[in-house]
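Work through the following exercises with the sequence and the model open side by side. Each task is followed by a solution in steps.

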Amino acid sequence: MNDRPDIGVEPLAQTITGHTVPALPRGVRVHDDKVRARTVLLAPERTLALDETSIAILNVTDGARSVRQISEALAEAYAAPVDVIEADVIGFFEALRDKRMVELT
Amino acid sequence: MTEALEAERVKPSSAATPAPPIALLAELTHRCPLACPYCSNPVALKPSSEELTTEQWVRVLREAAALGVLHVHFSGGEPLARSDLAELTAAARNAGLYTNLITSGIGLTQKRLKALAEAGMDHVQLSLQGTDAAMADLVAGYKGGYERKLAVADWVRAEGLPLTVNAVCHRHNMDRLEEMIDLSVRLGARRLEVATVQFHGWAERNRTQLMPTPEQAQTATRIVGEARERLRGILVIDYVPADYHARYPKPCMEGWGRVGLNIDPTGKVLPCHAAETIGWLEFDNVRSRLLDEIWYDGAAFNAFRGTDWMQEPCQSCERRDIDFGGCRCQAMALAGDAAATDPVCVKSPLHGELQTLAASAAHEPDTEFVYRGRA
Ligand code: SF4
Ligand code: SF4
């Protein structure tokens, strides 16, 4: 095994800032759970029930928008201060990062 | 908002109103090129002539989705032994299910993996029996398997699919847990499942060969704890500790008939993969009954739902909604009564005896394994 090439795994979990661009990776997807009348995020061996804020964030997460841009879009839609929203958005993606359910660039 | 992100805990349901199941383990076949001595398949393996047909599985997958199942785990045996696996994957995705392939990797080619990915496979869970060819091939009873598995891991990553490494731990490989964690990171796995062997099926036959020492079990728990911290955001580690050395039992299946169900290759519906060891239970088959009815009304599923069936000390115990009295199959095997307190528990009258048995099994000299399906 020692002769395997280093595939470049980062040594530490990535810090999330306003410039970070989040995307749901392959194998992580939003699902309409009709039987229980709710929306869930499906991932390897995990099911997370999403609340309305989480759904709103994921609706504007397209792999192109940064955390700041996502927050601005939501601030406008909900008429709330962008800094408050951004703290929530960062918290949301940190929780997903620790579960290996988001890709960050 | 972050509360919503806590892994879902299904509320305890009374026997009268069980919640719909979340996960289906679809044991497509008992055929497998490997021969792991801890395989969870029953000792009496079912022949391929008795397996459900493609049409029957497709119907069952639809019934499962309608019932509320979200995840289907294609397992076996080796599910790749079914030539209709891509077809079943597509059917599961069309029904709205999240699809997981639990595989040894043997029998996979890059071309077939691509076909499975195109059919909608969401996730691949690859078993590794060791961290080098000598150990891995000895445990699996299959020469050349290890190299093959490493290639499969590369293909999965190249395909962009999430990879979980599945490592069953026992006396022979537990001291290499650090290496297994490093290897998983190097292979690009997002998740590692470290499961200490559970003594059902073939593992029970190999108990004296597989039983870890209490020291190994403790060290493994410490290593997992440290690695979880160090690798936060890089590798998620799910861990099943060695319960023979524990004070309290595992919450087996997160409760009988509460979150998941198994369907065996012949269509028999089981509350857990070892449930057939409880001889008096009667199981329904998807060939003759709807899955919905089996889940809600089936005798086997209702046998240990809720808490009414519990004896003392479980009945009045404050942990009964945490561990559900432990594992029914273990109670059957060790106490001779499936409704007894799991003998792993300190409150069981059999706890002391079990600790002695585990300690002496752990110090038996190493001899040959009884390989699955070859004895
Ligand atoms: S545990 Fe080993 S022998 Fe059993 S099905 Fe899995 S790979 Fe095959
Ligand atoms: S007595 Fe029963 S419920 Fe209480 S901890 Fe032991 S096994 Fe669990």
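pLDDT is the predictor's confidence in each residue, on a scale from 0 to 100. A contact here means heavy atoms within 4.5 Å. The structure is a predicted model.

**Exercise 1. Confidence**

Task: State the mean pLDDT of chain B, find where in chain B pLDDT stays under 50, and give the scores for the complex.

Solution. Start with the whole chain: chain B has a mean pLDDT of 89, and 95% of its residues reach 70 or more. Next, look along the chain: residues 1–15 of chain B stay under 50, and the model has 34 contacts beyond four places in sequence for them. Last, take the complex, to which the predictor gives an ipTM of 0.88 and a pTM of 0.90.

**Exercise 2. The sheet of chain B**

Task: Write down the strand order of the open sheet of 9 strands in chain B, and say which strands stand at its edges.

Solution. Strands of a sheet pair through backbone hydrogen bonds, either parallel or antiparallel. Reading across the open sheet in chain B gives the order β7-β6-β5-β4-β3-β2-β1-β8-β9, with mixed pairing. The edges are β7 (236–240) and β9 (269–270) of chain B; each has a single partner strand, so one side of each lacks a neighbour in the sheet.

Now take one pair from this order. Strand β4 (residues 123–127) and strand β5 (residues 163–169) of chain B run parallel and are joined by 4 bridges. Within β5(B), B:T164 is the residue opposite B:Q125.

Then add a helix. Helix α2 (residues 85–94) of chain B lies across β2 (71–75) and β3 (98–103) of chain B, and runs at about 170° to β2(B).

**Exercise 3. A hairpin in chain A**

Task: Describe how β3 and β4 of chain A are paired and what lies between them.

Solution. Strand β3 (residues 38–43) and strand β4 (residues 46–49) of chain A run antiparallel, joined by 4 bridges. One bridge partner to locate is A:L48 in β4(A), which pairs with A:L41. The two strands form a hairpin with 2 residues between them. In the turn, A:E45 has a positive phi of about 60°.

**Exercise 4. Backbone exceptions**

Task: Locate the cis peptide bonds at B:G77 and B:P313, then place A:R100 and B:M253.

Solution. Most residues other than glycine have a negative phi, and most peptide bonds are trans.

- The bond from B:G76 to B:G77 is cis, with omega near 10°; B:G77 sits in the loop between β2 and α2 of chain B.
- The bond joining B:E312 and B:P313 is cis, with omega about 5°; B:P313 is in the loop between α11 (299–302) and α12 (320–323) of chain B.
- A:R100 is not a glycine, yet its phi is positive, about 60°. The residue lies in the loop between α3 (82–98) and β5 (103–104) of chain A, and at 23% relative accessibility counts as partly exposed.
- B:M253 is not a glycine either and has a positive phi of about 55°. Its place is the loop between β7 and β8 (260–263) of chain B, and its relative accessible area is 28%, partly exposed.

Finally, B:G336 follows α13(B) with a positive phi near 75°. In helix α13 (residues 328–335) of chain B, the residues B:R328, B:C329, B:Q330 and B:A331 are buried.

**Exercise 5. Aromatic pairs**

Task: Classify the ring pairs B:W256 with B:F304 and B:F304 with B:W309.

Solution. Planes over 60 degrees apart count as edge-to-face. Over all chains there are 6 aromatic pairs. The ring centres of B:W256 and B:F304 are 5.0 Å apart and the planes stand at 90°, so this pair is edge-to-face. Its members are 48 residues apart: B:W256 is in the loop between β7 and β8, B:F304 in the loop between α11 and α12 of chain B. Both B:W256 and B:F304 are buried.

For B:F304 and B:W309, the centres are 5.2 Å apart and the planes at 80°, so that pair is edge-to-face too. Both B:F304 and B:W309 are buried. Ring pairs link B:W256, B:W280, B:F304 and B:W309 into a cluster.

Methods. Residues numbered from 1 in each chain as written. Chains lettered and ligands numbered in written order. Predicted model: local features only at pLDDT ≥ 70, side-chain atom pairs only at ≥ 80, totals over all residues. Heavy atoms only, no water. Pairing = 2+ DSSP bridges. Axes fitted to C-alpha atoms, helices over the stretch in contact; angles between N-to-C directions. Buried < 20%, exposed > 50% of the residue type's maximum accessible area, 1.4 Å probe, protein only. Phe/Tyr/Trp six-rings, centres within 6.5 Å; stacked < 30°, edge-to-face > 60°.
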